[in-house]
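Reader: I am new to this structure and would like to learn how to read its features one at a time. Could you take me through them?

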Amino acid sequence: MLIHSNDQISVFRSCLQETVSVVIKTEEMVMVVDPNWLPQEVEEIRAYVYKILGQRTLYLLFTHSDYDHILGYTAFPDAMVIASSAFANSNQEKKTHILTAIKSFDDEFYLSRNYELVFPQVDVSFENDGETVKLGGLTLTFYNAPGHNDDGMFTVVEPLGILLAGDYFCDVEIPYIDYSGELYETTVLKLDELLNIFDIQLLIPGHGSLTKDKQEMKKRQLDSLTYIRTLRRLIKEDNQSAIDQLIDGYKFPTTMKKVHQDNQLLLKKEIEL
């Protein structure tokens, strides 16, 4: 699972959907980001964390509440949880839906976990873009990132220059627009502000490959914007043939086709409102 490591950060990537988890360490704390997917993968991350934890304070940061990102929550029972206010204020219907999705996934593939499946209880949250919290010698700056879902967030970790992007700027998939196309576009555009304010040295998406290259960061932003704007235009033109061709060349065409169809339905509803 381990794909990148230095004295302060270790990046793990699942064999499922190239889903990314991160462990950040300072002298005072360890912060785990989105521990996932399969039971043995969560256990690998857990074992690594408790090996290095010592007397440090343990935190869990969730980039958003999609079930694949929160299912490792109770494998770290002594951790304080960081997430957006929208995440913290999730209603019971949403929580039940997400937990049901985890259980359905585990049932489908005969997976057993040695920890309880519970929706995370948030200890540290934020309301507005630019709010900060200091943890263990690091400063975390938060930005709301809705669009993919309703409670995503970007987190900039200084002085390490890390951008934890959640399910944005992925290099292996088209945008997953599960909540709002307009908000997705607004969120992606925030990268310009972040690159202007902060010295981003490492962008870590929720799936796929991390990148240190600012040109690659901008390319991923442009790819997302081009996809959304082009899809919206082609829907208005009722050009289904061109719509179908938008996902040509992606690595996982079966899944991308389904996501693309869902995106088309959501954007069409937005246009018709």
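**Cavities, pockets, strands and a charged pair**

Author: Let us begin inside, where the second largest cavity is lined by T63, H64, A145, H148, N149, G152, M153, F154, A165, G166, D167 and Y168. Please keep in mind throughout that this is a predicted model.

Reader: Which strands each supply at least two residues of that lining, and how do the residues of the lining divide by class?

Author: The strands are β9 and β10, each of which supplies at least two of the lining residues, and by class the lining divides into 5 nonpolar, 6 polar and 1 charged. The volume of this second largest cavity is about 40 Å³.

Reader: How many cavities of 30 Å³ or more does the structure hold, and what lines the largest cavity?

Author: There are 2 cavities of 30 Å³ or more, and the largest cavity encloses about 60 Å³ of space. Its lining consists of V20, S21, V22, V33, D34, T63, L164, A165, G166, I204, P205 and G206, and the elements that contribute two or more residues are β3, β10 (162-166) and β11 (202-205). By class, the lining of the largest cavity has 7 nonpolar, 4 polar and 1 charged residues.

Reader: Turning to the pockets, which residues lie nearest the centre of the largest pocket?

Author: They are D66, Y67, D68, H148 and D178, out of 24 residues that line the largest pocket, whose volume is about 690 Å³. Two or more lining residues come from each of α2 (67-70), α4 (92-108) and α8 (253-272), with α4 giving the most, namely 5 residues. By class, the lining of the largest pocket has 8 nonpolar, 7 polar and 9 charged residues.

Reader: And which helix gives the most to the lining of the second largest pocket?

Author: That helix is α6 (residues 214-237), with 5 residues. The second largest pocket has a volume of about 220 Å³, and of the 16 residues lining it, C170, D171, E173, D223 and Y250 are the closest to its centre. The classes in this lining are 8 nonpolar, 1 polar and 7 charged residues.

Reader: How should I read a sheet, and what is the order of the strands in the open sheet of 6 strands?

Author: In general, strands of a sheet pair through backbone hydrogen bonds, either parallel or antiparallel. Here the order is β1-β2-β3-β4-β5-β6, and the pairing is mixed; the edge strands, which pair on one side only, are β1 (2-5) and β6 (80-82). Within the sheet, β3 (residues 20-25) and β4 (residues 29-33) pair in the antiparallel sense over 4 bridges, and V23 stands opposite V32 in β4. Helix α1 (residues 39-53) lies across β1, β2 (9-13), β3, β4 and β5 (57-61), and runs at about 0 degrees to β3.

Reader: In the hairpin of β7 and β8, which residue takes a positive phi?

Author: It is G136, with a phi near 55 degrees, in a hairpin that has 2 residues between the strands. Strands β7 (residues 131-135) and β8 (residues 138-144) pair in the antiparallel sense over 5 bridges, and L135 has L138 in β8 as its bridge partner.

Reader: Finally, how many salt bridges does a search of the whole structure find?

Author: Side chains of opposite charge can pair when their charged atoms come close. The search finds 14 salt bridges, including one between the side chains of K94 and D150, at 2.9 Å from N to O. This pair links distant parts of the chain, 56 residues apart, with K94 in helix α4 and D150 in the loop between β8 and β9 (153-158).

How values were computed. Residues numbered from 1 in each chain as written. Predicted model: local features only at pLDDT ≥ 70, side-chain atom pairs only at ≥ 80, totals over all residues. Heavy atoms only, no water. Pairing = 2+ DSSP bridges. Contact = heavy atoms within 4.5 Å. Axes fitted to C-alpha atoms, helices over the stretch in contact; angles between N-to-C directions. 1 Å grid on protein atoms, 1.4 Å probe; cavity = no way out; pocket = protein on both sides within 12 Å on 5 of 7 lines; lining within 4 Å. Points joined across faces, edges and corners; volume = space filled by probe spheres on them. Nonpolar A, V, L, I, M, F, W, Y, C, P; charged D, E, K, R; others polar. Salt bridge = Lys/Arg side-chain N within 4 Å of Asp/Glu carboxyl O.
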